[in-house]
Every structure is written in C-alpha cells, then in structure tokens.
Amino acid sequence: MAMTPVEVPRPLPWLMPRWRELVRLAEAGRLPHALLISGAHGIGKHSLAEALVARTLCASPGDTACGRCHACHMLASGYHPDLLRVAPEEGKRQIRIAPVREVNGFVAQTAQQGGYRVIVITPAEAMNVAASNALLKSLEEPGGRTLFVLLSDIPSRLLPTIRSRCQHWSLAVPDEADCRPWLAERLGGEEEARFWFRAAGGLPLRALELAEPASRALRQQLVDTFEALVRGAEPVAEAARLDRQSIDAILWYGISWLEDLIRLGLSGDTTELRNPDLLVLYRQAVKNARVRDWFRLLDYAREQRRMLAQGGNPNPQLALEAWLVRWSTLLRS
Ligand SMILES: [Zn+2]
C-alpha cells in the first residue's frame with residue numbers, strides 16, 4: 001500500500017550551500033561518523049542537523065529525505081528506533097553521564113532498520129566532564145554506519161578531546177541578501193526584515209524572536225530606561241520597573257548597544273550600527289563617556305551573561321541593579 005508522503009525536514013535557505021556539501025559527502029560515502037555543527041544561537045543549526053538526520057535514516061534519499069519510505073514515516077511520527085536524542089533533562093542545564101551511557105549501549109547494537117544509527121547531542125557543551133569522557137569511547141570506535149551529530153552554540157566549551165574526534169562544521173553569519181526574502185515573508189515586509197536582521201546581529205532566527213510582540217515591548221521598555229538614565233534617572237528605581245526574569249535579554253541588548261556605542265566612538269561611522277533607530281540617544285551617551293570605559297562595561301556584561309547561563313548568579317534582581325548602576329555611572333562620568 002502506498003503511503004501518503006510526509007513533510008521532511010529541510011535546511012533553511014541560507015544554509016543550502018552547506019547542505020549541498022553534506023549531501024555530496026553522503027553520496028560519496030564519505031560522511032564522517034561524527035559531526036560537530038556549531039554557530040551562534042539563531043543561525044539555524046537545527047534545521048541543518050534535522051535535515052541530515054532525516055536524510056541519513058531515509059531508505060531512498062535524494063536531495064533530502066524522500067518522505068515516502070517507512071523510515072521517513074516513523075521519523076515524522078516522532079519515534080525512530082535507530083535515532084537517539086540526548087539533551088539536558090527538563091529544567092536542568094547539564095547533560096549527565098547516565099544518558100551518555102545509554103548512547104554507548106545504543107551504538108553497540110545493530111540498527112533495527114538495517115541502516116544507520118544516529119545520535120543527536122544538543123547542546124553538546126552541556127555535557128559535564130564525566131559525560132564527555134564517557135562519550136569518548138563511542139566516538140573513537142563507533143562501528144560502521146553510525147552518525148553522531150553534536151550541536152553547539154559555543155564549541156570552545158567542549159572538551160578538546162571531544163572536538164578533535166568530530167569533523168567540525170562552523171556556520172558563519174549569513175549574508176543579509178540570503179535571508180531577506182525569508183524574513184520579509186515572516187515579518188511582513190522588507191523594512192521590518194532589514195531592521196530586525198540588523199538588530200539581531202545577522203542571526204535570522206534571533207531576528208524572528210526579537211520581532212515577537214513581547215520582545216518588542218521589552219526592547220521599547222529598555223530604550224525608555226536608557227533614555228531615563230541619560231537624563232540622570234536613579235538606576236535602582238529604574239531596575240525596579242524592569243522584569244528581573246528578563247535579565248539575560250536585558251544584558252543581551254546592553255551588549256548590542258555597547259558594541260554600537262564603541263563603533264560610533266571609534267569611527268563615527270553610523271552605517272554599521274545594529275540599532276540605527278537609537279542614534280540620537282547614542283550621540284547623547286557618547287558625549288559623556290570614553291570608549292575605554294564602554295569596553296570595560298562590555299566585558300562586564302559578557303561575563304554576567306556567561307555566569308547567568310551557568311547558573312552562577314542566583315540573584316537576577318541584584319544583577320539587574322548592578323548592571324543599571326554601572327550604565328548610569330558611565331553616563332554621568
Ligand atoms: Zn524516506
């Protein structure tokens with residue numbers, strides 16, 4: 001009985017050149033047994049990985065998985081016996097050793113469908129040291145027809161021994177022209193697409209996130225806060241009006257604005273600004289501070305974000321206040 005074709009995963013448009021390279025390798029039988037796909041959050045790594053997983057498990061793949069075979073149907077239904085996904089447990093940051101032991105057992109078995117066994121680990125940098133060490137043996141002697149796909153936003157945080165056993169595919173920030181039609185379709189126009197692509201630093205999926213109503217509202221609130229601080233408002237009072245749970249996004253915007261301010265302070269060039277709508281505000285801010293101090297604040301913001309991501313700062317309210325106090329000190333200096 002012929003089955004109705006299912007929708008198969010495809011890479012996002014700006015990743016098509018990388019996808020064609022992968023397909024060529026697969027067709028030549030030269031796909032490595034372990035791939036590390038890295039790139040900033042919002043670049044679209046998952047679309048590339050999922051397309052590859054589907055094509056690898058598919059019984060008669062072409063440019064993508066076929067969408068018609070039994071394997072494609074199983075995958076679309078959400079379960080394929082030869083696919084194992086490893087991620088942190090719900091609400092946890094780390095990938096611990098237990099699920100990696102499961103991986104080792106999984107690669108020791110024969111594929112049930114007679115094809116490839118595929119293991120997807122995401123985010124790979126979440127593996128703790130014990131988990132990473134446990135994975136090494138499988139990465140070294142995976143047996144035939146096994147594909148490991150490791151996804152990572154920050155590959156430098158992986159153990160070097162893990163990195164060196166994978167073929168590393170680093171995804172670069174795409175050209176605006178390759179993303180604009182896709183973004184314009186989702187954001188309702190070219191202007192919007194251009195604005196949010198820039199604000200997101202060239203990360204298309206991040207651009208979509210930033211353009212969501214709640215994110216837009218937060219951005220506007222932060223612009224108001226920035227304006228208030230430039231006028232000399234009291235930072236702790238300003239902090240009380242912001243949602244401390246948004247601390248990561250608040251720091252993210254802070255970093256983006258500082259990078260703009262530094263660019264403006266160093267070269268005066270306005271064409272490369274990520275947030276050109278803030279130029280008037282930037283001009284007022286640059287008057288009062290030196291580029292060296294902006295750099296120092298930028299380092300601070302990056303460090304705070306890193307600590308928050310690792311659960312190192314348990315008090316987001318304090319982090320938020322400290323951040324705004326530093327901003328305002330700089331603006332008043
Ligand atoms: Zn198929």
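**Exercise 1. Place S38 in the predicted model, decide whether S38 is buried or exposed, and list what S38 touches.**

Solution. Begin with the secondary structure of this predicted model: S38 belongs to strand β1, which covers residues 34-38. Next take the relative accessible area, which is 2% for S38; the cut-off for a buried residue is under 20%, and S38 is therefore buried. Finally turn to the surroundings, where, once neighbours within four places in sequence are set aside, S38 is in contact with K45, S152, P155, H168, W169, S170 and L171.

**Exercise 2. Describe the chain as a whole: how many helices and strands does the chain have, and what are its spans and its exposed area?**

Solution. Counting the elements gives 15 helices and five strands. The C-alpha trace spans about 70 × 45 × 35 Å along the principal axes of the chain. The chain has 333 residues, of which 47% are buried, while the area that the chain exposes comes to about 16,500 Å², with 51% of it supplied by carbon and sulfur atoms. As a last step, consider the contacts with a separation of 6 or more: residues 24 or more positions apart account for 72% of them.

**Exercise 3. Work out how helix α12 and helix α14 are oriented to one another, and which residues make the contact.**

Solution. A pair of packed helices is described by the angle between their axes and by the distance between the axes. For α12 (residues 247-267) and α14 (residues 291-309), the angle is about 155° and the axes are 9 Å apart. An angle over 145 degrees counts as roughly antiparallel, so α12 is roughly antiparallel to α14. The crossing of these two helices is left-handed. From α12 the contact draws on I247, D248, L251, W252, I255, L258, E259, L261, I262, G265 and L266, and from α14 on V291, W294, F295, L297, L298, A301, R302, Q304, R305 and L308. Sorted by class, the contact of α12 with α14 holds 15 nonpolar, two polar and four charged residues.

**Exercise 4. Carry out the corresponding description for helix α10 and helix α13.**

Solution. The axes of α10 (residues 213-230) and α13 (residues 279-288) come within 10 Å and cross at roughly 35°, and the crossing of α10 and α13 is left-handed. On the α10 side the residues are V223, F226, E227 and V230, which meet L281, Y282, Q284 and A285 of α13. By class, this contact of α10 with α13 has six nonpolar residues, one polar and one charged.

**Exercise 5. For C179 and P316, find the helix in which each residue lies, decide whether each is buried or exposed, and name the residues that each touches.**

Solution. Take C179 to start with: C179 lies in helix α7, residues 176-187, and has a relative accessible area of 0%, so C179 is buried. Residues up to four places away in sequence are not counted, and C179 then touches W14, P174, F197 and P204. By contrast with these contacts, V107 is 72 residues from C179 along the chain, and the C-alpha atoms of C179 and V107 are separated by 38 Å.

Now take P316, which lies in helix α15, residues 316-332. The relative accessible area of P316 is 18%, and P316 is therefore buried. With residues up to four places away in sequence again left out, P316 touches R244 and I247; I247 also belongs to the α12 side of the contact with α14.

**Exercise 6. Identify which residues of helix α3 are buried, and then examine the backbone at G78, P123 and R145.**

Solution. Within α3 (residues 70-77), the residues A71, C72, H73, M74 and L75 are buried, and the buried residues of α3 pack against α2 (45-57) and β2 (83-86). Just after α3 comes G78, with a positive phi of about 105°.

For the backbone at the other two sites, recall that most residues other than glycine have a negative phi and that most peptide bonds are trans. R145, although not a glycine, has a positive phi of about 45°, and R145 lies in the loop between α5 and β4 (146-152). The peptide bond from T122 to P123 is cis, with omega near -10°, and P123 is found in the loop between β3 (117-121) and α5 (129-140).

Key: Residues numbered from 1 in each chain as written. Predicted model: local features only at pLDDT ≥ 70, side-chain atom pairs only at ≥ 80, totals over all residues. Heavy atoms only, no water. Axes fitted to C-alpha atoms, helices over the stretch in contact; angles between N-to-C directions. Helix = DSSP H or I, 4+ residues; strand = E, 2+ residues; numbered from the N terminus. Parallel < 35°, antiparallel > 145°, perpendicular 65-115°, else oblique. Left-handed = near helix turned anticlockwise from the far one by under 90°. Contact = heavy atoms within 4.5 Å. Nonpolar A, V, L, I, M, F, W, Y, C, P; charged D, E, K, R; others polar. Buried < 20%, exposed > 50% of the residue type's maximum accessible area, 1.4 Å probe, protein only. Areas by Shrake-Rupley, 256 points an atom, 1.4 Å probe, with all protein chains shown as cover.
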